[in-house]
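Reader: Please take a close look at the nonpolar interior of this protein chain. I would like one connected account of what packs there and which elements supply it.

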Amino acid sequence: MTQNFYRHMINNCMSNLKYEKYLKNSNSKEFIIVITYLPLRRRYTIQFLLLTRKIINKLMISPVISFGLYANFTRSYFVTVSVWESKDSMHDFVNTLPHSTAMKNFDKWKSNEGKFIQYQSISLTIDWKKVQQELKIDI
């Protein structure tokens, strides 16, 4: 699964990439949506992509409902979105390896102001228009 994702990234590294994966259905009435915006310093791109692969592998066995990644290689920024049933399950994931390593490196890797946004939603699908509005960037 993630091999196709990385093959696509390598083949299209001068373009944009949008990837999303829905892993579970849920009967919850509300979900926690977490958006991360990382304008990446180019010298950290390989480190970031290698760590992203580990994080995606971990997400595949986590309680996440769905997740998405938008990569703009020409402008060197990345957007991640994840949908969770609860804050507890989200915090458990964020505070364990490999994601905790990404959090530790966030300030070093970002080229300018990165963002974390969290809100509640009744939808378990990723709404890229809403993500774009929240971040005030084009996706």
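**The nonpolar cores**

Author: In this predicted model, the protein chain exposes about 8,100 Å², and carbon and sulfur atoms supply 51% of that area. Turning inward, buried residues make up 49% of the 139 residues in the protein chain. In soluble globular proteins, nonpolar side chains tend to be buried together.

The framework consists of five helices and five strands, which run along the sequence in the pattern α-β-β-α-β-β-α-α-β-α. Among contacts with a separation of 6 or more, 79% are between residues 24 or more positions apart.

The largest nonpolar core has 26 residues. Within this core, Leu40, Phe48, Leu59, Phe78 and Trp84 touch the most other members. Two or more residues each are given to this core by the strands β1 (16–22), β2 (31–39), β3 (66–72) and β4 (77–84) and by the helices α2 (45–59), α3 (87–94) and α4 (99–109). The largest share, six residues, comes from α2.

Phe78 is worth following on its own. Leaving aside residues up to four places away in sequence, Phe78 touches Thr36, Tyr37, Leu38 and Leu40, then Phe48 and Leu49, and also Leu69, Tyr70, Ala71 and Phe73. Two of these partners, Leu40 and Phe48, are also listed with Phe78 among the core residues that touch the most other members.

Apart from the largest core lies another core, of 18 residues. Its members include Ile33, Ile35, Tyr119 and Leu135.

Definitions and conventions
Residues numbered from 1 in each chain as written. Predicted model: local features only at pLDDT ≥ 70, side-chain atom pairs only at ≥ 80, totals over all residues. Heavy atoms only, no water. Helix = DSSP H or I, 4+ residues; strand = E, 2+ residues; numbered from the N terminus. Buried < 20%, exposed > 50% of the residue type's maximum accessible area, 1.4 Å probe, protein only. Contact = heavy atoms within 4.5 Å. Areas by Shrake-Rupley, 256 points an atom, 1.4 Å probe, with all protein chains shown as cover. Core = buried A, V, L, I, M, F, W, Y, C linked by side-chain atoms within 4.5 Å.
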